Amino acid sequence: MEQFVIKVDNHLIDEMKNYYKNNLIDKVPQGAIFVAKTDDCTITGYKSGKVLFQGKNSMEEGEKWLGDIISTLDKKESKDRSTMLNPSPLPADFSNWSIIGSDEVGTGDYFGPITVVATYVDKEQIPLLIKLGVKDSKNLSDDKIIQIAKKIKDIVTYSLLVLHNEKYNQLQKGGMSQGKMKALLHNQAIHHVLEKISPKKPDGILIDQFVKKELYFQYLEETNVRYKELAYFHTQAENLHVAVACASILARYAFIQHMDLLSQKAGFSIPKGAGTGVDEAAARLIKEKGSEVLPFFVKLHFANTKKAFNLLKG
Ligand code: MN
């Protein structure tokens with residue numbers, strides 16, 4: 001039987017029990033907090049924080065919650081997650097190939113959109129891009145990101161897609177997992193770049209991995225995917241090819257710009273991430289602009305929504 005396991009904190013496990021409240025069954029095994037049965041998945045939440053998804057739809061059901069747990073993963077758990085994704089090794093000289101790379105930003109941030117970028121980097125361009133300071137965007141300050149992004153956006157061929165909060169919330173409410181949203185966005189951005197560089201073809205396509213390869217293509221079942229045999233998946237791919245590092249920088253640049261816009265609309269500076277500062281900002285936003293503006297600013301299904309309303313009550 002297919003199964004999928006995630007580890008969550010106490011708060012999220014209560015949240016999950018509540019989410020599945022219409023599917024709960026009475027009999028729970030020892031050590032479990034709840035068992036829920038949907039049409040094609042059984043979900044068991046344990047006191048230890050482990051949540052087990054079993055059945056045909058287990059990966060997709062479990063994926064729904066990855067956006068929520070990203071913010072609470074510590075270093076060790078991140079490692080577990082990358083082992084879980086089980087990346088296949090890349091060819092030895094891969095970093096010198098002409099590659100389309102793709103990456104996304106904003107999936108673990110309560111405020112703001114998801115931005116996805118695919119870039120094509122020709123092997124001739126690699127030395128120049130390295131000279132311009134392209135590397136893992138996670139280690140660069142916002143100022144540095146902006147500075148480098150402005151230089152590389154005129155050098156590389158790229159496609160940027162922005163999934164705004166309103167649309168994100170619609171899709172999420174309709175039952176689409178964050179994993180599927182990301183797969184659709186990566187896929188679309190990659191196809192755009194393939195069209196832009198045609199008739200030239202890349203040596204390969206490297207996707208910064210967020211789900212197993214099989215699940216990525218499963219998400220795209222109803223879509224025409226034209227690059228299957230060229231696709232490579234790897235976690236922390238921004239360290240493995242400059243094309244993904246460029247994608248990561250451009251995606252973060254777009255994210256920063258959209259966060260600035262949201263801050264202007266809110267009338268105060270909106271924080272990134274999903275920590276307590278974010279709960280306070282959401283509470284302030286609700287107080288000053290009304291709860292009806294929230295779907296345009298945040299990812300509503302995150303636990304932060306409830307925390308913000310609790311702050312207002314308290
Ligand atoms: Mn990534």
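In this predicted model, F217 counts as buried, its relative accessibility being 11%, which places the residue below the 20% limit used for burial. Its sequence neighbour Y216 is likewise buried, with a relative accessible area of 0%. Both residues belong to one aromatic cluster, which is formed by F210, Y216, F217 and F233.

Aromatic pairing was then examined across the structure, and the count comes to 12 aromatic pairs. One of the pairs considered here is that of Y110 and F111, whose ring centres lie 5.5 Å apart with their planes at 70°, so that the pair is edge-to-face, the angle being over the 60 degrees that this class requires. The rings of Y216 and F217 have centres 5.2 Å apart and planes at 85°, and this pair is therefore edge-to-face as well. With regard to solvent accessibility, Y110 is buried at a relative accessible area of 0%, and F111 is buried with a relative accessible area of 0%.

Contacts between charged side chains and aromatic rings were also found in the predicted model. The charged end of K196 is positioned over the ring of Y158, at 5.9 Å from the centre of that ring, a distance that falls within the 6 Å limit applied to such contacts. In a further case, R284 lies over the face of F268, where the separation from the ring centre is 4.0 Å.

Key:
Residues numbered from 1 in each chain as written. Predicted model: local features only at pLDDT ≥ 70, side-chain atom pairs only at ≥ 80, totals over all residues. Heavy atoms only, no water. Phe/Tyr/Trp six-rings, centres within 6.5 Å; stacked < 30°, edge-to-face > 60°. Buried < 20%, exposed > 50% of the residue type's maximum accessible area, 1.4 Å probe, protein only. Lys NZ or Arg CZ within 6 Å of the ring centre and 35° of its normal.
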